[in-house]
Amino acid sequence: MTTYQQALDDFGIIPLLQKLILMTPVHLESEERESLAALLITQLTASLTHQSIANYLNAIEQGNQDMIADRIIQELQATPVTLSAPTSLPKESSASFEIGDRVQWKSLAHSTRDWGIIIGRFYTYGRHRLQWGWQYVVWLDEESPSSAWTVADTAWEEDLQRLNG
């Protein structure tokens, strides 16, 4: 198991994703399952208060870790998540890239990056970002590394840069 996978397991992300596989009535793609997990984590984070943290610490000190799960369930049921549309949509000109622009993913350490041409864009809520933003549909160049298993991918605006040449 890689260090990354170990961290995901240590923080309960892998068990959460496994549970979502078993509990969802319909087949979800891994991206949809990860989005659902992110939403659940966001909901839990939003529901935490100073008092609930103090209660958890007190339960740990008393050796009553079992009651923590019950408290989390109670708090989640008491704190509904609401996601409303943005109050105003941005002008199309606020997007950094146009359809037809050649782009590449910004470089990540020790990874190859994909490139292609923008074939679409949409304004959507990014749960991991906790805000709305532009997401692009990129048709991958046939020489791009990921083109071996997919023809297109999506990317957030901040993950892309113009491809010169």
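Accessible areas come from the Shrake-Rupley method with a 1.4 Å probe. For this predicted model, the accessible surface of the protein is about 11800 Å². Carbon and sulfur atoms hold 56% of that surface. The protein has 165 residues, and 22% of them count as buried.

**Overall layout**

The protein contains 5 helices and 5 strands. Along the sequence, the pattern reads α-α-α-α-α-β-β-β-β-β. Take the contacts with a separation of 6 or more: residues 24 or more positions apart account for 46% of them.

**The sheet**

How are the strands ordered in the sheet? The 5 strands form an open sheet, in the order S4-S3-S2-S1-S5, with antiparallel pairing. S4 and S5 stand at the edges, each with a single partner strand, so one side of each has no neighbour in the sheet. From one strand to the next, the twist averages 40°.

Here are four of the strands.

| Strand | Residues |
|---|---|
| S1 | 102-105 |
| S3 | 131-140 |
| S4 | 152-156 |
| S5 | 160-162 |

S1 and S5 pair over 3 bridges, in the antiparallel sense. Valine 103 has arginine 162 in S5 as its bridge partner.

**The core**

The largest nonpolar core has 11 residues. Among them are Ala95, Phe97, Val103, Trp105, Trp134 and Tyr136. S1 and S3 each supply at least two residues of this core. Which strand gives the most to this core? S3 does, with 4 residues.

Alanine 95 also belongs to this core. Leaving aside residues up to four places away in sequence, alanine 95 touches Arg121, Trp134, Tyr136 and Glu157.

Conventions
Residues are numbered from 1 along each chain as its sequence is written. This is a predicted model: local features need pLDDT of at least 70, side-chain atom pairs count only at pLDDT 80 or more; totals for chains, interfaces and linings use all residues. Side-chain values use heavy atoms; hydrogens and water are left out. Buried means under 20% relative accessible area, exposed over 50%, partly exposed in between (1.4 Å probe, protein chains only). Contact means heavy atoms within 4.5 Å. A nonpolar core is a set of buried Ala, Val, Leu, Ile, Met, Phe, Trp, Tyr and Cys residues joined through side-chain atoms within 4.5 Å. Two strands pair if DSSP finds at least two bridges between them. Axes are lines fitted to C-alpha atoms, for helices over the stretch in contact, and angles run from 0 to 180 degrees between N-to-C directions.
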